[in-house]
2 protein chains.
Amino acid sequence: MVHYKLVYFNARGLAEISRQLFHLAGVEYEDHRIEDQEFAELKPNLPTGQVPILYIDNVQFSQSTAIARYLARKFGFAGKNTEEELLADAIVDTFKDFIESFRKFVVGVLTGESEENMKKIREEVMRPAVKTYLTYLNKILENNKSGYLVGNELTWADLVVADNLTTLITAEFLDLKNEKTLGEFHRKILETEKLKEWLEKRPVTRF
Amino acid sequence: MVHYKLVYFNARGLAEISRQLFHLAGVEYEDHRIEDQEFAELKPNLPTGQVPILYIDNVQFSQSTAIARYLARKFGFAGKNTEEELLADAIVDTFKDFIESFRKFVVGVLTGESEENMKKIREEVMRPAVKTYLTYLNKILENNKSGYLVGNELTWADLVVADNLTTLITAEFLDLKNEKTLGEFHRKILETEKLKEWLEKRPVTRF
């Protein structure tokens, strides 16, 4: 049996989708959560000095999205053919582009930007980015009709987007009362039995 | 036969790797290069308002990296198994992270930043980023020994990195005289017969 070890901080962050995939697939793995001290020790031997790292039988792989895509393909959550995989990949890349603008907001929160500046970031950077992103998602869901973003089964793109929608709700950028299609989507994904199980049992962390 | 149409500006930019893959595979496609006017007309009907777009038999797909990965897989340049594909994906993602810091430099050039500020961006942002990136690549090449980044055949990761090294040389961030391993890699990839052919025949554009 393959031995998987996923190394990341005690946070959801960039490891959460991979953890969800392991749980959904029912595949055993070592969910190794590190503190700053261990990270400092590991860092010189990491490919780019960053985590998450996935060890597959002691072979080290970096980059969170590449890791999640790999697990999705191994476990059958990447799409049923190469065109579905392309669409799932494109959705995840669009999410990543969106997250770039979200980063400004998060940095602002963490560095204690003034209320005035935060309001500016909210209105001038975030609102338009959220709008474009949600329009994109709505259009895909309306075309696809299965309730999933890709094809008619759950893919890692659904996990990525549902997780991010939860973040957007918490940060008050999204109210699903005003978003019928996205609301149904969010509910459908979060009600996936194995995912629900994970969301209930996962360690509670701030990020 | 599948009909492929790749829509992008008359620039290498985010479409170049896909064009290289079409040429390497000897697969016919429509290399549709648009001007600003046509882009403005297309924009409202593009998934995220951006190009490149790949049409596969009239079905529209967005996101340059997802498109290139798809073509690489279709044409046999993605790696020989899922672990090789994971490594290729991780290398491409590391390139993309690196490019984020490069963007500051490019924006500086395009917006006519003062010489003083450009020097600061060069020394404080670019130099350390370049160093980390090249160390990462060197380590992979030294471990792999085939002369390619992944396995023992050409993959799209080689194309992405070789193309970027050319850019770094042009921007004077890299002198291959000081980089034996990377110099050999760059030469090897650029001497790939079909790639050489494309580099000689492709339209000459600034970016």
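1. Helices here are DSSP runs of at least four residues, numbered from the N terminus. The structure is a predicted model. On that numbering, A:F207 lies in the segment that follows α8 (193–201) of chain A.

2. A:F207 has a relative accessible area of 46%, and since partly exposed covers values between 20% and 50%, this residue is classed as partly exposed. A:F207 also belongs to a nonpolar surface patch, in which A:V106, A:V109 and A:L110 are the other members. Together these residues present about 350 Å² of accessible area.

3. Two cavities of 30 Å³ or more are found when the whole structure is searched. The largest has a volume of about 40 Å³, and the second largest has a volume of about 40 Å³.

4. The largest cavity is lined by A:T82, A:E85, A:L86 and A:D89, along with B:R69, B:Y70 and B:R73. The elements that each supply two or more of these residues are α4 (82–110) of chain A and α3 (64–75) of chain B. The greatest contribution is from α4(A), with four residues. By class, the lining comprises four charged, two nonpolar and one polar residue.

5. For the second largest cavity, the lining consists of A:A66, A:R69, A:Y70 and A:R73 with B:T82, B:E85, B:L86 and B:D89. Here α3 (64–75) of chain A and α4 (82–110) of chain B are the elements giving two or more residues. This lining contains four charged, three nonpolar and one polar residue.

How values were computed. Residues are numbered from 1 along each chain as its sequence is written. Chains are lettered from A and ligands numbered from 1 in the order in which they are written. This is a predicted model: local features need pLDDT of at least 70, side-chain atom pairs count only at pLDDT 80 or more; totals for chains, interfaces and linings use all residues. Side-chain values use heavy atoms; hydrogens and water are left out. Patches are made of residues with over 30% relative accessible area and no salt bridge: like charges are joined within 9 Å, nonpolar side chains (Val, Leu, Ile, Met, Phe, Trp, Tyr) within 5 Å. Accessible areas come from the Shrake-Rupley method with a 1.4 Å probe; for residues, only the protein chains shown count as cover. A salt bridge is a side-chain nitrogen of Lys or Arg within 4 Å of a carboxyl oxygen of Asp or Glu. Buried means under 20% relative accessible area, exposed over 50%, partly exposed in between (1.4 Å probe, protein chains only). On a 1 Å grid over the protein atoms alone, a cavity is a set of points where a 1.4 Å probe fits but cannot get out, and a pocket is an open set with protein on both sides within 12 Å along at least five of seven lines; lining residues have an atom within 4 Å of a point. Grid points are joined across faces, edges and corners, and a volume is the space filled by probe spheres set on the points. Ala, Val, Leu, Ile, Met, Phe, Trp, Tyr, Cys and Pro count as nonpolar, Asp, Glu, Lys and Arg as charged, and the others, Gly among them, as polar.
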